[in-house]
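Hi there,

Here is the structure I promised to pass on to you. Have a look at it first, and then read my notes below.

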Amino acid sequence: MALQMNPMTPDVGVEISGIQLAETDGAELEALQNAVFEHGVAVLRDQVLSPEDHIALATRWGGIDINNYFPLEDEYPEIAIVRKKADQQTNIGGAWHTDHSYDQIPAMGSILVARQLPPSGGDTLFAHMGAAYDALSPELKEKVEGLRAFHTADHVYSPDGLYAQTDMGSDLRGQEMKTGAIHPVVIRHPRTGRKLLYVNPAFTIHFEGQTREESLPLLRQLYDAATLEEHQCRVVWKAGTVAIWDNRSTWHNALNDYPGYAREMHRITLSGEALGAAKH
Ligand code: SIN
C-alpha cells in the first residue's frame, strides 16, 4: 500500500498510513521526515516496532540524543521511559513544553511509542509554533523580532526543583546537571524556512538583558497566543500507535487524566541542529 497522509487539523498534525516504521528507509523516510517538518507531528497506527526497530529507525533518521533525566530502558539506554505508575499522581510532560530547549543545540524531535495505555485518557496535545507566530499581531511580531531568550531545566529537575516535590521525583536521574542556552525568540525552521515562535513555559526563563519579572508580561502574551485551541491537535493513543514530532515547530502537553491507571511510553529523542534567528 502506498503512503497516505491525512492532515489532522489545518495547522498541525498528520496521520500517515501505508508504512511500517520498522522498514521505513530511503525515499519513504524522506517523505516521512518532510511530513513531520511540515505538520509538526505525524501519527502512525498499527506499528510493530520492537526496541531494536525503534533505535534503528532513530539512527536512520539522523541520530539519538540521550535524555539526561528520564529513567532509561536497562537493555536499551537509547530509550527513555515516560512512565506513570498506577499509584502515582504526577506524570512526565504534563504541561505545555518543547523538549530539550535548554540545550544550545536542542533535540530535533522525538519518536514516542505507546507501550502501556490507560483504558481511556492519556492523550497528548500538540500546538504549532508556526501557526502561533503567523497569528501574532503586527505589533507583537515587531516586539519579538530580534529578541533572544534564556532557557534552562534546572528549576524543573534539580534536587529542590519542581519534580523533586512530587511523587515522580525519585524516578528521575540527572538532578546534579546544570543547563542553560540562549535562543532567538523567533527562529527559522532549519529545513522548511518557516518562522516559528521559540519560547515555552517550561524552560524559558527570561529575555536576554531583562529580568524574569520584566520578561513575564510579554512571555505570557506569547504563551496565550501559542496555546490557542485553533492551532492544536490531539493525539489519541491506541496499542500500536507511534508519534513522531518536531520540537522546533511544536509544543506538546501529555494530559494527566487517568488516575489509578498506568501509562508507559518509550521515547527516543532525535538529534537536532543549531537554531538560527529569523530575519525579515
Ligand atoms: C513527553 O515527551 O513530554 C511525553 C509525551 C507523552 O507522554 O505523551
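**What I found**

Helix H1 (residues 26–39) gives the most to the lining of the second largest pocket, with four residues. Please keep in mind throughout that this is a predicted model.

I'll stay with that pocket for a moment. The volume of the second largest pocket is about 180 Å³, and 14 residues line it. Nearest its centre are Gln-33, Phe-37, Trp-61, Arg-191 and Glu-273. Sorted by class, the lining has six polar, four nonpolar and four charged residues. Two of the central residues turn up again elsewhere: Arg-191 and Glu-273 belong to a network of salt bridges together with Asp-246 and Arg-248.

That brings me to the salt bridges. The count comes to 10. Asp-99 and Arg-267 form one of them, with N and O 3.2 Å apart. The two partners are 168 residues apart, Asp-99 sitting in the loop between strand S5 (80–84) and strand S6 (109–116) and Arg-267 in strand S16 (residues 263–270), so this pair links distant parts of the chain. Both Asp-99 and Arg-267 are buried.

A second bridge joins the side chains of Arg-234 and Asp-123, at 2.7 Å from N to O. Here too the pair links distant parts of the chain: Arg-234 is in strand S13 (residues 232–235) and Asp-123 in the loop between S6 and S7, 111 residues apart. Are these two partners buried or partly exposed? Arg-234 has a relative accessible area of 44% and is therefore partly exposed, whereas Asp-123 counts as buried because its relative accessibility is 9%, under the 20% cut-off.

A third bridge pairs Glu-208 with Arg-148, their closest N and O atoms being 2.8 Å apart. Glu-208 is in the loop between S12 and H6 and Arg-148 in strand S8 (residues 148–151), with their positions 60 residues apart in the chain. Glu-208 is partly exposed at a relative accessible area of 39%, and Arg-148 is partly exposed at 37%.

Now for a buried histidine. His-54 lies in helix H2 (residues 51–61), and it counts as buried because its relative accessibility is 0%. Which residues does His-54 contact, leaving aside neighbours within four places in sequence? They are Leu-49, Ile-79, Ile-111, Val-113, Arg-115, His-266, Arg-267 and Ile-268. Arg-267 in that list is the partner of Asp-99 in the salt bridge described above.

Helix H6 (residues 212–226) deserves a look as well. H6 has a kink of about 30°, centred on Leu-218. Leu-218 is also one of the buried residues of H6, along with Ser-215, Leu-216, Leu-219, Leu-222, Tyr-223, Ala-225 and Ala-226. Covering these buried residues are, among others, helix H3 (129–134), helix H4 (138–144) and the strands S7 (124–128), S11 (195–197), S12 (204–207) and S15 (250–254).

Last on my list is a glycine. Gly-180 lies in the loop between helix H5 (154–157) and strand S9 (181–184), and is partly exposed, with a relative accessible area of 39%. Leaving aside neighbours within four places in sequence, Gly-180 is in contact with Tyr-102, Gln-104, Phe-150, His-151 and Thr-152. The C-alpha atoms of Gly-180 and Thr-204 are separated by 9.7 Å, the two residues being 24 apart along the chain.

Happy browsing, and best wishes!

Technical notes:
Residues are numbered from 1 along each chain as its sequence is written. This is a predicted model: local features need pLDDT of at least 70, side-chain atom pairs count only at pLDDT 80 or more; totals for chains, interfaces and linings use all residues. Side-chain values use heavy atoms; hydrogens and water are left out. The bend at a residue is the angle between axes fitted to the seven residues ending there and the seven starting there. Helices (H or I, at least four residues) and strands (E, at least two) are DSSP runs, numbered from the N terminus. Buried means under 20% relative accessible area, exposed over 50%, partly exposed in between (1.4 Å probe, protein chains only). Contact means heavy atoms within 4.5 Å. On a 1 Å grid over the protein atoms alone, a cavity is a set of points where a 1.4 Å probe fits but cannot get out, and a pocket is an open set with protein on both sides within 12 Å along at least five of seven lines; lining residues have an atom within 4 Å of a point. Grid points are joined across faces, edges and corners, and a volume is the space filled by probe spheres set on the points. Ala, Val, Leu, Ile, Met, Phe, Trp, Tyr, Cys and Pro count as nonpolar, Asp, Glu, Lys and Arg as charged, and the others, Gly among them, as polar. A salt bridge is a side-chain nitrogen of Lys or Arg within 4 Å of a carboxyl oxygen of Asp or Glu.
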